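Me: I should like to learn how the features of a structural model are read, one at a time. May we begin with a single residue and its surroundings?

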Amino acid sequence: MPVPRAVLLRQLIEYRLPVEATIAELSTYGWDSEETPVRLEAKDIEGVLNRYLNEELSSEQVTDWADLIECREDIDSGQSESTLSSLIFRLANPNLNVSVTPSLAREMLALLAEQGEHKQTD
């Protein structure tokens, strides 16, 4: 029995390694989906950035991860779409922005923390 699309998307968002099997299984579903999109949240980006800072992931892996989820219509970033989408775009496109570095990761984590504080006080 195939793994449900939503489970595979969650594995991709959480960047469970090795990721190749997840990507291969996702490709069997095709690009378009009628299912409810899986939610990308700030905590997901924070998790990947913290894994990078803890040297569990390389900068190339962070870029690959962001590239894999950047334009997927079956992944939704909800109300914080502009901030989360912007961060994913920056991570996925180092040739247009800056490469993933510890200082960039810390900057992004600070921005996410600030966004979270604003959300709690609104």
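Reply: Let us begin with contacts in this predicted model. Leaving aside residues up to four places away in sequence, Leu 91 touches Leu 49, Val 62, Thr 63, Trp 65, Ala 66, Val 100, Leu 104 and Met 108.

Me: Which residues have the most contacts inside the largest nonpolar core?

Reply: They are Ile 45, Trp 65 and Leu 91, in a core of 30 residues. Two or more residues of this core come from each of H1, H3, H4, helix H5 (81–92) and helix H6 (102–121).

Me: How many helices and strands does the chain have, and in what order do the elements run?

Reply: There are 6 helices and 2 strands. Read from the N terminus, the order is α-α-β-α-α-β-α-α. The radius of gyration is 14 Å, close to the 14 Å of the globule rule for 122 residues, so the chain is as compact as a globular protein of that length. Its C-alpha trace spans about 40 × 35 × 25 Å along the principal axes.

Me: What share of the contacts between residues at least 6 apart in sequence joins residues at least 24 apart?

Reply: That share is 71%. As for burial, 34% of the 122 residues count as buried. The accessible surface comes to about 7400 Å², and carbon and sulfur atoms account for 50% of that area.

Me: How should one read a helix, and which residues of helix H1 are buried?

Reply: The general idea is periodicity: an α-helix has 3.6 residues a turn, so residues three or four places apart point the same way. In helix H1 (residues 5–13), the buried residues are Arg 5, Leu 8, Leu 9, Gln 11, Leu 12 and Ile 13. Their cover includes helix H2 (20–27), strand E1 (38–39), H3, H4 and strand E2 (75–76).

Me: What should one look for in the backbone of the loops?

Reply: The background is that most residues other than glycine have a negative phi, and most peptide bonds are trans. In the loop between H1 and H2 lies Tyr 15, whose phi is positive, about 50 degrees, although the residue is not a glycine. Pro 18 is also placed in the loop between H1 and H2, and the peptide bond leading to Pro 18 from Leu 17 is cis, with omega near -5 degrees.

Me: Is Tyr 15 buried or exposed?

Reply: Tyr 15 counts as buried because its relative accessibility is 4%, where the cut-off for burial is under 20%.

Me: Where does Glu 55 lie, and what is its phi?

Reply: Glu 55 lies in the loop between H3 and H4. Its phi is near 60 degrees, a positive value in a residue other than glycine. With 73% relative accessibility, Glu 55 counts as exposed.

Me: Where does Ser 58 lie, and how far is Ser 58 from Gln 11?

Reply: Ser 58 is in the loop between helix H3 (42–53) and helix H4 (59–69). Its relative accessibility of 26% makes Ser 58 partly exposed. Sequence and space are to be read separately: Ser 58 and Gln 11 are 47 residues apart in sequence, and their C-alpha atoms are 18 Å apart.

Me: Finally, how many positive and negative side chains does the chain have?

Reply: The chain has 10 positive and 23 negative side chains. The centres of these two sets lie 4 Å apart.

Methods. Residues numbered from 1 in each chain as written. Predicted model: local features only at pLDDT ≥ 70, side-chain atom pairs only at ≥ 80, totals over all residues. Heavy atoms only, no water. Helix = DSSP H or I, 4+ residues; strand = E, 2+ residues; numbered from the N terminus. Rg over C-alpha atoms; globule rule 2.2 N^0.38 Å. Buried < 20%, exposed > 50% of the residue type's maximum accessible area, 1.4 Å probe, protein only. Contact = heavy atoms within 4.5 Å. Areas by Shrake-Rupley, 256 points an atom, 1.4 Å probe, with all protein chains shown as cover. Lys, Arg positive; Asp, Glu negative; His and termini not counted. Charge placed at Lys NZ, Arg CZ, Asp CG, Glu CD. Core = buried A, V, L, I, M, F, W, Y, C linked by side-chain atoms within 4.5 Å.
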